[in-house]
Amino acid sequence: MLDVWFDPRQMQKVVNNLVSNAIKYTNKGKISIYPLENKKLVIEDTGIGISKEDIPRIFDKGFTGYN
């Protein structure tokens, strides 16, 4: 497990972005948001996903994928 220190306002922006993208790219299917033990949050959807070409770059600063 990795301990992470964060600014609550910035974390709120991250969560809002994840939920917004889940809604934006899930025309059919479902979006689930639920807590796990140890203060973990799960946001998952059945949307279009991330293209295979973009996956290696998703953590690159400033990277935005094709979609």
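**Exercise 1. Locate Lys-39 and Asn-38 in the chain and describe their backbone and exposure.**

Step 1. Lys-39 sits in the loop that joins strand 1 to strand 2. Helices (H or I, at least four residues) and strands (E, at least two) are DSSP runs numbered from the N terminus. The model is a predicted one, in which local features need pLDDT of at least 70, side-chain atom pairs count only at pLDDT 80 or more, and totals for chains, interfaces and linings use all residues. Residues are numbered from 1 along each chain as its sequence is written, and side-chain values use heavy atoms, with hydrogens and water left out.

Step 2. Asn-38 is also found in the loop between strand 1 (31-36) and strand 2.

Step 3. Most residues other than glycine have a negative phi. Lys-39 is not a glycine, yet its phi is positive, about 60 degrees. Asn-38, not a glycine either, has a positive phi of about 65 degrees.

Step 4. Buried means under 20% relative accessible area, exposed over 50%, and partly exposed in between (1.4 Å probe, protein chains only). Lys-39 counts as exposed because its relative accessibility is 87%. Asn-38 has a relative accessible area of 57%, so Asn-38 is exposed.

**Exercise 2. Summarise the chain as a whole.**

Step 1. Count the elements: the protein chain has 1 helix and 2 strands. Along the sequence they give the pattern α-β-β.

Step 2. Taken along the principal axes, the C-alpha atoms fill a box of roughly 30 × 30 × 25 Å.

Step 3. Of the 67 residues in the protein chain, 9% are buried.

Step 4. Contact means heavy atoms within 4.5 Å. Among contacts with a separation of 6 or more, 15% are between residues 24 or more positions apart.

**Exercise 3. Place Trp-5 and state its exposure.**

Step 1. Trp-5 lies in the segment before helix 1 (8-24).

Step 2. The relative accessible area of Trp-5 is 83%, so Trp-5 is exposed.

Step 3. Trp-5 and Tyr-25 are 20 residues apart in sequence; from C-alpha to C-alpha they are 29 Å apart in space.

**Exercise 4. Describe the surroundings of Asp-54.**

Step 1. Asp-54 is placed in the segment after strand 2.

Step 2. Lys and Arg count as positive and Asp and Glu as negative, while His and the chain ends are not counted. A salt bridge is a side-chain nitrogen of Lys or Arg within 4 Å of a carboxyl oxygen of Asp or Glu.

Step 3. Asp-54 is buried but has no salt bridge. Its nearest side chain of opposite charge is that of Arg-57, 5.7 Å away.

Step 4. Leaving out residues up to four places away in sequence, Asp-54 touches Phe-63, Gly-65 and Tyr-66.

**Exercise 5. Describe the lining of the largest pocket.**

Step 1. On a 1 Å grid over the protein atoms alone, a pocket is an open set of points where a 1.4 Å probe fits, with protein on both sides within 12 Å along at least five of seven lines; lining residues have an atom within 4 Å of a point.

Step 2. The lining of the largest pocket has 26 residues, and those closest to its centre are Asn-17, Leu-18, Asn-21, Ile-50 and Ile-58.

Step 3. Helix 1 and strand 2 (40-45) each supply at least two lining residues. Helix 1 gives the most, with 5 residues.
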